[in-house]
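Trainee: I would be grateful for a close look at a single part of this structure. Please describe the sheet and the helices that lie across it, and then place that part in the wider setting.

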Number of protein chains: 4
Amino acid sequence: MIETDAGTDSDSTAGTLTASVIGASGFAGGELLRLLFGHPGFEVVQATSREYDGRSVGMIHPNLRGTDLRFTEPADLEGVDVLFAATPHGVSMEHVDAFREAAGTVVDLSADFRLPTEAAYEEWYDGHSRPELLGEAVYALPEISRAELPGAELIAAGGCNATVTSLGLLPLVESGIVGDEQEEGTATGTERIVTDVKVGSSEGGAGGGRASSHPERSGVVRPYAPTSHRHEAEIEATLGLRLSFTVHAVGMVRGAAATSHVFPAAAVSKADLWEAFRGAYEDEPFVRLVAGGGGVYRYPEPKAVAGTNYAEVGFELDPRNERVVVFAAIDNVTKGAAGQAVHAANIALGFEETTGLEFQGLHPVGAP
Amino acid sequence: MIETDAGTDSDSTAGTLTASVIGASGFAGGELLRLLFGHPGFEVVQATSREYDGRSVGMIHPNLRGTDLRFTEPADLEGVDVLFAATPHGVSMEHVDAFREAAGTVVDLSADFRLPTEAAYEEWYDGHSRPELLGEAVYALPEISRAELPGAELIAAGGCNATVTSLGLLPLVESGIVGDEQEEGTATGTERIVTDVKVGSSEGGAGGGRASSHPERSGVVRPYAPTSHRHEAEIEATLGLRLSFTVHAVGMVRGAAATSHVFPAAAVSKADLWEAFRGAYEDEPFVRLVAGGGGVYRYPEPKAVAGTNYAEVGFELDPRNERVVVFAAIDNVTKGAAGQAVHAANIALGFEETTGLEFQGLHPVGAP
Amino acid sequence: MIETDAGTDSDSTAGTLTASVIGASGFAGGELLRLLFGHPGFEVVQATSREYDGRSVGMIHPNLRGTDLRFTEPADLEGVDVLFAATPHGVSMEHVDAFREAAGTVVDLSADFRLPTEAAYEEWYDGHSRPELLGEAVYALPEISRAELPGAELIAAGGCNATVTSLGLLPLVESGIVGDEQEEGTATGTERIVTDVKVGSSEGGAGGGRASSHPERSGVVRPYAPTSHRHEAEIEATLGLRLSFTVHAVGMVRGAAATSHVFPAAAVSKADLWEAFRGAYEDEPFVRLVAGGGGVYRYPEPKAVAGTNYAEVGFELDPRNERVVVFAAIDNVTKGAAGQAVHAANIALGFEETTGLEFQGLHPVGAP
Amino acid sequence: MIETDAGTDSDSTAGTLTASVIGASGFAGGELLRLLFGHPGFEVVQATSREYDGRSVGMIHPNLRGTDLRFTEPADLEGVDVLFAATPHGVSMEHVDAFREAAGTVVDLSADFRLPTEAAYEEWYDGHSRPELLGEAVYALPEISRAELPGAELIAAGGCNATVTSLGLLPLVESGIVGDEQEEGTATGTERIVTDVKVGSSEGGAGGGRASSHPERSGVVRPYAPTSHRHEAEIEATLGLRLSFTVHAVGMVRGAAATSHVFPAAAVSKADLWEAFRGAYEDEPFVRLVAGGGGVYRYPEPKAVAGTNYAEVGFELDPRNERVVVFAAIDNVTKGAAGQAVHAANIALGFEETTGLEFQGLHPVGAP
């Protein structure tokens, strides 16, 4: 029996590395705990939450009722091998010295260290208090920056909407199907790209508020960021592409699905696309190529990857409009946040990449 | 008390015109019955259904349990003033002579008579058995073709996804913000338009099947028509525009939301857009302009119009990408089908336009 | 065109009686506005909201964007014929003198005046500041107290969960199938009644908070009031029955469904039950009897009455366990609050009972 | 990269025992595959499906796209160590000889071998073709019948609704809080028990049909089995109790929640209840006791156990009505079907009980 607030600690199996989660009462923080508890190479020794200091982790994350870990104050950081920071944007840059003093490896899930330059950061966010670290931090979308991760000490895990969009477009960039016409730095070329992302309510965080209350949020198709979403900058920095980016909130809790409409300068065939996508992801353990075929699930869908670290990517060709439609789907809490962070830590610290990330997802599943 | 299968007929108030609904057990057919029962100018005298012949209308449409109307065989059409056909595509063209013999005014909700020419029809559908009627039928998106409707005898009510997309883009066309560069008949100009429509499960009809079963369909973001959706043809015929069109199924039952990404050849300002949208819809009784402002509902949303004949339209300007993002939302069963048909019939037959279509919708509402 | 914040007032058709809504930014307040705007006998002249003073009604209730009515401060009450108070519990008893000074008829939607005695109120709530009015107020569940309503000046509209439960059980009480064994005032007789109510998230109000945030509230089956729900008192006062009452929150926004398990002292047949239910509701305009039959909707369901003032009631006999299972379903915001209040006002003020309450609901409808 | 229909078989790590799944295209069958693929002690060598013979398992169960296993015809059974049958009721009894010839251990997930006697089976189902096996089969609700499982060759895994109800009531029976008054074999004693179960749409199976189509099934509270649900027999056989049982379909896909209202003959205190529940489940690895406490999740909820083999149980005392309200929640596909089957197989075959069943579930999660 696992009794609420009084269970035995099933997680205290001696891990080889110690880990802490800062901001552990949020959705990404809870997912980090879940993944780390199931990871044979990590032992979680601290989970901080200002608001729930002293309460059991399972009171907030009911799936974690089997642990007796309790939240502690973020002011008292314990020394660990790796520290995961799942705090709101702006917090990590203020506390980064304390984080790095506490841990040899810091994985930050916020946007603080994702953009490459101070200028880029200031264009999309407010001023940056530690701009000198922007160059040092390794942006972690492992499918793109795997080579830079081993031994990295400051890792900036990619944002959810940027991750799902970049994974869809990456094969087109790597294969040269798009990009050349754009290198002039103008957004008005014939290679215009439009991306429409649909996201679940977990992207709004664990807080609440009228817009995210169940009666108002249920079953919506709501323009959430019609223009100027900050992940536009992240994608452009990652892929070297300009794109027109819009985000809608739709009726699910977990999940992000990106549909990108691409108009290549030169004609492409389905065979070209298969080659591009296979070439990009042949050896990727967490990317599934789903493009047509039979059954109900013919293209990428968030439902098919809910709770997992997998991304699904696929495409369709629209000869009439000389268009390539690219689909990508992830779980924003896992692959778009905590899973990506653990994946990056696995590479940085020398674990097998997939360790602790093997969950395959469920079928059927309701609104994910 | 209204007892199932044994109520008094609360709908038998003497209407001035008689009406029938062919294909009345489907979703659009049921919505037609609901609207006509509440319409002071119509008396429903027949509702046909091959599958449910003899059963009470309320057995299939539980909201209509207050009537004692029963489904009858479509083979025995009664003479009426107006006949609404809510049958699957292809049925109306086969039975159009019988429909017109039975009724002076026929409003068809299928795609059979929406496209202007046989060539257009054959490009997107199969062969047409009555092409000579394509020129005679009046396409009914009343905001666009109001002038042609009075006295029309064969009316083709616009399709749901075409309606929501066309209503969003119409102000840009009428004001000349887009279109000129496209008149060359090429889709590759700089005025490329991308439309991403999100739809509810009622678009799949009342049938069932594995893909639309609740466990598989709940909470999806599913590419439903990645390319080559037939409403692309309808929109292009209506607006004289080329556009790249993609439809996703999302987690709701009723509703269609169209987001169009437009890149005008010449720069536009917010003031230009306000002028265009106000100019297009100033006198329209069923179009609401929603663009920004406070509160939770800042842009068009299907939830805000669920169950109503209203469309919401709005826009946002993206100067960085020289893009206009246009939003439009309707209830696909009402404004996108039955409500539009009744609206057109009102105009055709000389009723006040809004008669029987006054329902304002609900707040809050779950998944619409 | 109806432009947000700048429309013409489509609601200013000269009503014969003036009305105001106090607490108009909440869900019940918004529903009152919707119903009153469509009611030919009322003209809404004031809608108060402390929080949204000065904002347009349509900013909060997007379905009401067609009006230019704005919220005003509740401190400045206008004189009207009828005042509807949709304020939280405890507010009406504090302001009841001001309400009655402003209006000849006051309809209160809170619990303040529902219980018959101070002792009953204090057992379930806190102290009552105006207990002398408890005897004067008319409890309005029109199917039960219709005779007392004409001319009533202080009306307490029944609570949502009490309404749905009482409507289900009323036929058993009126016919004597249950109740006699209970008149001794003990809950331990053989006629024990268990009621399990399932409710939507709108019962939690428009506020928000972590428990009602979309990620936490979606798709739950959550014991919401396992025991000691205050509506238990209201039902017992209304029906003179003891019952064991439990409320669960389930995955919808609007709706309340009550399943009561009744073990009559004497054996009953299906014919007895049909007679009891028909006898109770034969002349009721807003009650539908749904018990078996074909199709998908064989018993009462909230979906079938969403947005309407209708209640569905039905039953099933369980001979093996000598049990009668009674089902009832309403829309908690309409029949369980605003619709019931308008229904009561119609009777109190001499309108046709069903005026303004004719909406039949939708099919299909998502989560209601 | 994992390519649909062309991936490498990540599941072919050498298991020590071979396993097959009969009826593998259904929901329980797919869940069995998921659990067995992640189980270090089993290697899946066959998954049968008449309808999808030759298709890849991942076409039906998108979460399993990483395997290259294909469905085969059930007529050609391979010899295995353990065979799991997830076929509709009535199939196993017809094929049980073939199943037992193919495998030393057969775990049947249907109702065919759950009831103890032919008389009981015939009262609730149709005739039984192999009644002599009813006594031999071990009913597997491991928390109740653990001792009989080691070495069992024919195991009947408990039904979902019976499992969740029995787990809630078991502590009351074991502790003697209920049951004594019922031993007379009558259902009319003062210890009457009422159980109301709420279930998700996956209980309807993978088929489809109008009642389970998304538009009709979304957001319902639908009396699904008002009376005479067959699991009533299973619970009574398991616990030796009579109870009045009703099942509602509610707005989720996975999950079953049982609320039982119990009126013990003798007064009980909260301390008695804590002692009873702790006593029953102290050593159970898959039962969590959740009764009150802080946070959002204070009682058992299906959301908190979605995708897992855990059950949550809890209670509340209602002194006013001398009632104990017992709550229990499981995932019907996992703990209520496939997880329970694997759990039983683990015990039967000597594996550590929790092997392959360690998934902790997600937070947040949408409709589960």
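Mentor: In this predicted model, helix α3 of chain C, residues 91-102, lies across strands β4 and β5 of chain C. The direction of this helix makes an angle of about 150 degrees with β5(C). A second helix, α1 of chain C, spans residues 27-37 and lies across three strands of the chain, namely β2 (17-22), β3 and β4 (80-85). For helix α1(C) the reference strand is β3(C), and the angle to that strand is again about 150 degrees.

The strands beneath this description belong to an open sheet of six strands in chain C. Read across the sheet, the order is β3-β2-β4-β5-β7-β6, and the pairing is parallel. The edges are formed by β3 (42-47) and β6 (138-140) of chain C, each of which pairs on one side only. Neighbouring strands of the sheet are turned against each other by 25 degrees on average, with direction ignored. As a general matter, strands of a sheet pair through backbone hydrogen bonds, in either a parallel or an antiparallel manner.

One pairing may be followed at the level of residues. Strand β5 of chain C, residues 103-108, runs parallel to strand β7 of chain C, residues 154-157, and three bridges join the two. Opposite Val106(C) stands Leu154(C), a residue of β7(C).

For the wider setting, consider chain A. Chain A is divided into domain 1, covering 17-136, and domain 2, covering 161-330. The centres of these two domains of chain A, taken over C-alpha atoms, are separated by 27 Å. Eleven residues from domain 1 of chain A and seven residues from domain 2 of chain A take part in the contact. On the domain 1 side, helix α4 of chain A (residues 118-124) contributes the largest share, with three residues. That side of domain 1 of chain A divides into seven nonpolar, two polar and two charged residues.

Chain A also meets chain B: 46 residues of chain A are in contact with 46 residues of chain B. Several elements of chain A each supply at least two residues to this side, among them β8 (193-199), α7 (214-217), β13 (311-318) and β14 (323-330). The largest share of the side of chain A that touches chain B is four residues, and it comes from β10(A). By residue class, the side of chain A that touches chain B comprises 20 nonpolar, 14 polar and twelve charged residues.

Definitions and conventions: Residues are numbered from 1 along each chain as its sequence is written. Chains are lettered from A and ligands numbered from 1 in the order in which they are written. This is a predicted model: local features need pLDDT of at least 70, side-chain atom pairs count only at pLDDT 80 or more; totals for chains, interfaces and linings use all residues. Domain bounds come from an automatic or database domain assignment. Two residues are in contact if their C-beta atoms, placed from the backbone, lie within 7 Å. Ala, Val, Leu, Ile, Met, Phe, Trp, Tyr, Cys and Pro count as nonpolar, Asp, Glu, Lys and Arg as charged, and the others, Gly among them, as polar. Two strands pair if DSSP finds at least two bridges between them. Axes are lines fitted to C-alpha atoms, for helices over the stretch in contact, and angles run from 0 to 180 degrees between N-to-C directions.
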